[in-house]
Structure formats: C-alpha cells, structure tokens
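Colleague: Before I rely on the descriptions you attach to this chain, I would like to go through the reasoning behind them. Please show me the model, and then take my questions in turn.

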Amino acid sequence: MALRKIVLQGEPCLTKVCRPVTEFNGRLHTLLDDLKDTLLDSGGVGLAAPQVGILRRVCVVMNEDDEIIELVNPEIIATDGEQTGLEGCLSVPGKFGIVTRPYTVRVRAQDRDGAFFEVEDEALTARCFCHEIEHLDGHLFVERTDHLLTEEELEEYIQQEEGDDEE
C-alpha cells in the first residue's frame, strides 16, 4: 500500500474516458488499497483512479459513517430529488463551486473480486458518487458550476450554511 500522487487539473488523464476493469487481480487490489490510503491522507471524501493517473473505472467514496466504499465499473442506476451545495476536488485544490446534484443516488458496481452489488445513499455521499463517477468519464466538477467562488464568497457561503444549521 502506498500514497499516490494526485494529478491536477490540466493533466490529460483527467479528461479521458476510463476503460472498464476486466481483470480482478492483485494489481486491482493494490490500486484500491492505494486509492484508499491516498484518500485518507488527503482529507477528501472520494478519489477516482484517473486522479492518480490510472485510466480505469475504479473509485473509492467515504460515506458519512467514515466507511470507504470501493466501486469498480460503477454506474448510476437511479437518482431522486435534488441538492445544491458546495463542491471541491482534490485535483482542483483550493477551488470550490456551487453544484446541483441528485439528493439520493443508487449505484451498481463490482467489488474488488468482481461480484456485483448495489449501494444507495443520500446527501454528501450521493454527491460524492456522482462526482467520482464523472471523473471516470473525463469530467471535473468545474464544468458543472457557473463560476468558482472567490475566498470571500466561500467564506460567506460557509457562514451562511452554519447560520442555517443553527436555526
């Protein structure tokens, strides 16, 4: 297990469609373990293989119980509702935008051994499923926001959200 270098916006691998995983072997297990370690080290909530330069349909998502969900060849099979909120990305450090996503998302994927499963979650985890799966199709969240927030706008947004939570 090792920490991998997270590539930044502008790297060609972030704009390419990833290939499906067809071999469920030690190399895949190592990639998943490294993605998990890199995610935990970064303080993020999701990480996709292209963010470490690997063009495979693999990502990891941390749910709100701090459990890491490994998704191989994931696809969104159902969505419900809508949420609009702050989004950032480890490949676009220090930049945030307001993005609208489904509130509930159901994903069908394979585990590290190739077994199919489905997982459904809402709120931040649902946002994360969408964000990471978009990485696998060569897209970044910056394509979904009308502008990136300035430091002042970010601070104002966070204060407003904290104020809403207290009510």
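**Reasoning from the values**

Modeller: Let us start with R101, which is placed in strand β5, residues 92-101; please keep in mind that this is a predicted model.

Colleague: Why is R101 called buried?

Modeller: The relative accessible area of R101 is 3%, and buried means under 20%, so R101 counts as buried.

Colleague: What makes the pairing of R101 with E87 a polar contact?

Modeller: The side chains of R101 and E87 are joined at 2.6 Å, and the cut-off for a pair of N or O atoms is 3.5 Å. The side chain of R101 also makes a polar contact with the side chain of E134, at 2.9 Å. Setting aside neighbours within four places in sequence, the residues in contact with R101 include E82, Q83, R127, C130, H131, F141 and R144.

Colleague: Which residue does the UniProt annotation "active site" cover?

Modeller: The annotation, which comes from an unreviewed UniProt entry, covers E132, and such annotations may be inferred rather than shown by experiment. E132 lies in helix α2, residues 123-136.

Colleague: Is E132 buried or exposed, and how do you know?

Modeller: The relative accessibility of E132 is 4%, to be set against the limit of under 20%, so E132 counts as buried. Its contacts, leaving aside neighbours within four places in sequence, are with G46, L47, A48, Q51, C59, V60 and V61; the side chain of E132 reaches the backbone nitrogen of A48 at 3.2 Å.

Colleague: Why is α2 described as largely enclosed by the rest of the structure?

Modeller: Of the 14 residues of α2, 13 are buried, and the helix is therefore described as largely enclosed. From its first C-alpha to its last, α2 reaches 21 Å, close to the 20 Å expected at 1.5 Å a residue. G138, which follows α2, has a positive phi, near 85°.

Colleague: How are the elements arranged along the chain?

Modeller: The chain has 3 helices and 7 strands, and from the N terminus on they run α-β-β-β-β-β-β-β-α-α.

Colleague: What makes the chain as compact as a globular protein of that length?

Modeller: The radius of gyration is 16 Å, and the globule rule gives 15 Å for 167 residues; the two are close, so the chain is as compact as a globular protein of that length. Buried residues make up 43% of the 167 residues. Among contacts with a separation of 6 or more, 66% are between residues 24 or more positions apart.

Key: Residues are numbered from 1 along each chain as its sequence is written. This is a predicted model: local features need pLDDT of at least 70, side-chain atom pairs count only at pLDDT 80 or more; totals for chains, interfaces and linings use all residues. Side-chain values use heavy atoms; hydrogens and water are left out. Helices (H or I, at least four residues) and strands (E, at least two) are DSSP runs, numbered from the N terminus. Buried means under 20% relative accessible area, exposed over 50%, partly exposed in between (1.4 Å probe, protein chains only). Contact means heavy atoms within 4.5 Å. A polar contact is a pair of N or O atoms within 3.5 Å; within protein, one must be able to donate a hydrogen and the other to accept it, and residues adjacent in sequence count only if both atoms are side-chain atoms. The radius of gyration is taken over C-alpha atoms; the globule rule is 2.2 Å times the number of residues to the power 0.38. The expected span of a helix is 1.5 Å times one less than its number of residues.
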